[in-house]
Amino acid sequence: MNDCLPNPLAPSPARTSRLTPLAWDPAWETGDPRLDSQHKALVTGVNRLAFAIACGQTQEEVWRILSFLIVYVHTHFRTEENLMAEKGFPELAAHADEHERARAYLDRLVNTYRAGSTSDLEELVSFLAAWLTEHFLGTDRAFAQHLQDEAGPLRP
Ligand SMILES: [Fe+2]
Ligand SMILES: [Fe+2]
């Protein structure tokens with residue numbers, strides 16, 4: 001991917017880096033093209049931010065990537081929640097709560113970074129990477145299952 005970040009496939013100690021890039025996992029596919037493309041864009045955005053930090057890019061560049069990523073997170077949550085409402089997903093309220101907690105935590109980290117705390121930037125990247133992985137595999141998968149159930153069995 002680049003020279004500043006460790007290769008995610010390399011053996012430790014590189015794997016233990018807090019800024020190890022995320023590699024797209026086919027297990028994260030939901031089957032909905034719009035959600036999948038947004039999820040992939042989120043992974044790319046997190047990796048771009050990790051790259052910018054690891055490579056010591058200017059604060060202006062880091063801020064540009066970070067701002068885009070945060071707006072994209074908000075857009076994605078809205079898209080997903082709207083689709084859940086449209087498809088009558090019964091766990092929408094709990095799912096939206098999970099989004100809201102992540103959104104609030106991210107906003108707090110962004111605000112402290114804006115106030116001058118650069119250490120919160122790494123925390124933000126590692127939180128996002130871990131949260132997205134867990135969320136894609138857990139609650140987003142439950143919605144993917146709902147979409148599949150709604151589509152019914154494949155006909156021959
Ligand atoms: Fe979600
Ligand atoms: Fe999602």
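The axes of α1 and α2 come within 10 Å and cross at roughly 160 degrees, which makes α1 roughly antiparallel to α2. In this predicted model, the crossing of α1 and α2 is left-handed. The α1 side of the pair comprises Arg34, Leu35, Gln38, Ala41, Leu42, Gly45, Arg48, Leu49, Ala52 and Ile53. These residues meet Glu61, Val62, Ile65, Leu66, Phe68, Leu69, Tyr72, Val73, His76, Thr79 and Glu80 of α2.

The protein chain has 156 residues, of which 20% count as buried. Its secondary structure amounts to 5 helices and 0 strands, giving the pattern α-α-α-α-α along the sequence. Among contacts with a separation of 6 or more, 63% join residues that are 24 or more positions apart.

Helix α2 contains 28 residues, for which a rise of 1.5 Å a residue predicts a span of 40 Å; the end C-alpha atoms are 40 Å apart, so the two values agree. Leu66, Leu69, Val73 and Glu80 are buried in α2. The cover over the buried residues of this helix includes α1 and α3. Just after α2, Gly88 adopts a positive phi of about 60 degrees.

Helix α1 also packs against α4. The axes of α1 and α4 come within 10 Å and cross at roughly 155 degrees. An angle over 145 degrees counts as roughly antiparallel, and α1 and α4 are therefore roughly antiparallel to each other. Their crossing is left-handed. On α1, the contact is made by His39, Leu42, Val43, Val46, Leu49, Ala50 and Ile53. On α4, the residues involved are Leu121, Glu122, Val125, Leu128, Ala129, Leu132 and Phe136.

The largest nonpolar core has 21 residues, and those with the most contacts inside it are Val46, Leu49, Ile53, Val125 and Leu132. Helices α1 (33–54), α2 (59–86) and α4 (119–137) each supply at least two residues of this core. The greatest contribution is that of α1, with 8 residues. In soluble globular proteins, nonpolar side chains tend to be buried together. When neighbours within four places in sequence are left aside, Val46 is in contact with Leu22, Val125, Leu128, Ala129 and Leu132.

Phe136, which lies in helix α4, counts as buried because it has 22 C-beta neighbours inside 10 Å. Apart from residues up to four places away in sequence, Phe136 touches Trp28 and His39. The C-alpha atoms of Phe136 and Asp25 are separated by 9.7 Å, although these two residues are 111 residues apart along the chain.

Helix α4 has a further packing partner in α3. The axes of α3 and α4 come within 9 Å and cross at roughly 165 degrees, which makes α3 roughly antiparallel to α4. Helix α3 passes α4 in a left-handed crossing. The α3 residues in the contact are Glu98, Ala102, Tyr105, Leu106, Leu109, Thr112 and Tyr113. Those of α4 are Asp120, Leu121, Glu123, Leu124, Phe127, Trp131 and His135.

For the 23 residues of α3, a rise of 1.5 Å a residue gives an expected span of 33 Å; the end C-alpha atoms are 32 Å apart, which agrees. Just after α3, Gly116 takes a positive phi of about 115 degrees. Tyr113 is placed in α3, which covers residues 92–114. With 20 C-beta neighbours inside 10 Å, Tyr113 counts as buried, the threshold for burial being 20 or more. Beyond residues up to four places away in sequence, Tyr113 touches Thr118, Asp120, Leu121 and Leu124. From C-alpha to C-alpha, Tyr113 and Leu124 are 9.3 Å apart in space, and they are 11 residues apart in sequence.

Definitions and conventions
Residues numbered from 1 in each chain as written. Chains lettered and ligands numbered in written order. Predicted model: local features only at pLDDT ≥ 70, side-chain atom pairs only at ≥ 80, totals over all residues. Helix = DSSP H or I, 4+ residues; strand = E, 2+ residues; numbered from the N terminus. Buried ≥ 20, exposed ≤ 12 C-beta atoms within 10 Å, placed from the backbone. Contact = placed C-beta atoms within 7 Å. Core = buried A, V, L, I, M, F, W, Y, C linked by C-beta atoms within 7 Å. Expected span 1.5 Å × (residues − 1). Axes fitted to C-alpha atoms, helices over the stretch in contact; angles between N-to-C directions. Parallel < 35°, antiparallel > 145°, perpendicular 65-115°, else oblique. Left-handed = near helix turned anticlockwise from the far one by under 90°.
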